[in-house]
Amino acid sequence: QQHGRLTDVDHHQILSDALMHHRQNQQKQDQGHQCRLIVAVNVLVLKLNTSQKYRLTVLDVTAGLGRDAWVLANLGCDVTMIERSPIVAALLQDGLARAAKTPEFAAIKLHLIEADAIAILQSLAPANYPDVIYLDPMFPPSKKTAAVKKAMRVLKQVVGDDDNSVEMLHLARQIAKQRVVVKRHRHAPTIDSSKPDLVFSGKSSRFDVYLRRSAKVTTHLAKI
């Protein structure tokens with residue numbers, strides 16, 4: 001520490017320790033999370049595919065620890081993660097480098113950009129617009145969720161709040177060719193006043209789906 005404040009090295013060590021704790025103590029919960037997410041993305045994302053040869057492009061603008069992006073990539077999507085924190089991005093890049101040494105990773109399309117998501121969205125050319133934009137902003141504080149997982153507490157300490165979520169959502173809805181998927185706490189309010197076209201509720205999380213205006217579908221509520 002310097003003058004009572006955490007340095008980048010301190011943050012890196014704290015986050016590394018938290019990730020280790022997370023891996024050691026949350027294996028069963030992670031398995032359940034992955035099963036629920038697999039169901040969710042199959043409904044929210046993969047069913048958009050009309051051709052087996054087409055690999056859906058997904059832009060994850062709030063990469064965080066990369067868990068959701070990893071699941072999406074394993075399910076056949078071409079995923080680009082955006083992470084604004086240099087510390088978290090370094091950890092993600094290290095994980096990608098390690099994974100690249102395994103034969104199983106050869107078929108995975110998972111990339112990382114260290115940058116501000118708003119700047120990336122504003123700079124995208126129409127030819128590079130993704131099919132799906134995925135947002136998982138930091139959940140708002142809740143009295144009912146005091147026992148937040150250690151990894152998530154540290155991640156929020158390092159990355160901070162997503163104060164630009166509204167602007168990010170508005171940009172994403174203009175850019176995504178098919179839909180924008182927003183992951184929220186089940187009881188959290190929507191990011192802005194606009195009503196999602198689709199809502200999928202899980203045990204603790206909720207997926208708000210915003211379709212392109214040209215898409216003609218009937219809004220419905222499903223449980224995962």
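This is a short guided tour of the chain, stop by stop, for use with the viewer open.

**Before you start**

You're looking at a predicted model, where local features need pLDDT of at least 70, side-chain atom pairs count only at pLDDT 80 or more, and totals for chains, interfaces and linings use all residues. Residues are numbered from 1 along each chain as its sequence is written, and side-chain values use heavy atoms, with hydrogens and water left out.

**The whole chain**

Show everything as a cartoon to begin with. The chain has 7 helices and 8 strands; these are DSSP runs numbered from the N terminus, helices being H or I with at least four residues and strands E with at least two. Of the 224 residues, 43% are buried. Buried here means under 20% relative accessible area, exposed means over 50%, and partly exposed is in between (1.4 Å probe, protein chains only).

Switch on a surface if you like: the chain exposes about 12,900 Å², with carbon and sulfur atoms supplying 52% of that. Those areas come from the Shrake-Rupley method with a 1.4 Å probe, and for residues only the protein chains shown count as cover. As for contacts (heavy atoms within 4.5 Å), take those between residues at least 6 apart in sequence: 65% of them join residues at least 24 apart.

**Stop 1: strand E5**

Select residues 179-185, which make up E5; 7 of its 7 residues are buried. Now add strand E4, residues 132-135, which pairs with E5 in the parallel sense over 4 bridges. Two strands count as paired if DSSP finds at least two bridges between them. To see one bridge up close, pick tyrosine 134 and its partner in E5, valine 181.

Next, bring in strand E7, residues 205-211, which runs antiparallel to E5 and is joined to it by 7 bridges. Here, lysine 183 has phenylalanine 207 of E7 as its bridge partner.

**Stop 2: lysine 183 and its salt bridge**

Stay on lysine 183 and show its side chain. Which side chain does lysine 183 meet in a salt bridge? Select aspartate 68: the N to O distance is 3.3 Å. The term covers a side-chain nitrogen of Lys or Arg within 4 Å of a carboxyl oxygen of Asp or Glu. Lysine 183 sits in E5 and aspartate 68 in helix H3, so the pair ties together parts that are 115 residues apart in sequence. Both ends are covered up: lysine 183 is buried at 7% relative accessible area, and aspartate 68 is buried at 6%.

**Stop 3: helix H3 and the aromatic pair**

While you're at aspartate 68, colour the rest of H3. Its buried residues include Ala69, Val71, Leu72 and Ala73. Just past the helix, click on glycine 76, which takes a positive phi of about 105°.

Then show tryptophan 70. A search of the whole structure finds 1 aromatic pair, and this is where to look for it. The ring centres of tryptophan 70 and phenylalanine 105 are 6.1 Å apart and their planes are at 5°, so the pair is stacked. Rings of Phe, Tyr and Trp (its six-membered ring) pair if their centres lie within 6.5 Å; planes under 30 degrees apart count as stacked, over 60 as edge-to-face and the rest as tilted. Tryptophan 70 belongs to H3 (residues 67-74), while phenylalanine 105 is in the loop between helix H4 (86-99) and strand E3 (109-114), 35 residues apart. Buried or partly exposed, which is each ring's residue? Tryptophan 70 is partly exposed at 36%, whereas phenylalanine 105 is buried at 12%.

**Stop 4: threonine 62**

Move to the loop between strand E1 (57-60) and H3, where you'll find threonine 62. Threonine 62 is buried, at 13% relative accessibility. Leaving aside neighbours within four places in sequence, its contacts are Ile82, Tyr134, Leu135, Asp136, Pro137 and Met168.

**Stop 5: two more salt bridges**

The structure holds 4 salt bridges. For another of them, go to helix H4, where aspartate 94 and arginine 98 lie 4 residues apart, about one turn of the helix. Their closest N and O atoms are 2.8 Å apart. Aspartate 94 is partly exposed at 37%, and arginine 98 is exposed at 56%.

Finish with lysine 177 and aspartate 131, whose side chains meet at 3.8 Å, N to O. Lysine 177 is in the loop between helix H7 (165-175) and E5, and aspartate 131 in the loop between helix H5 (117-123) and E4, 46 residues apart. Lysine 177 is partly exposed at 42%, but aspartate 131 is buried at 4%.
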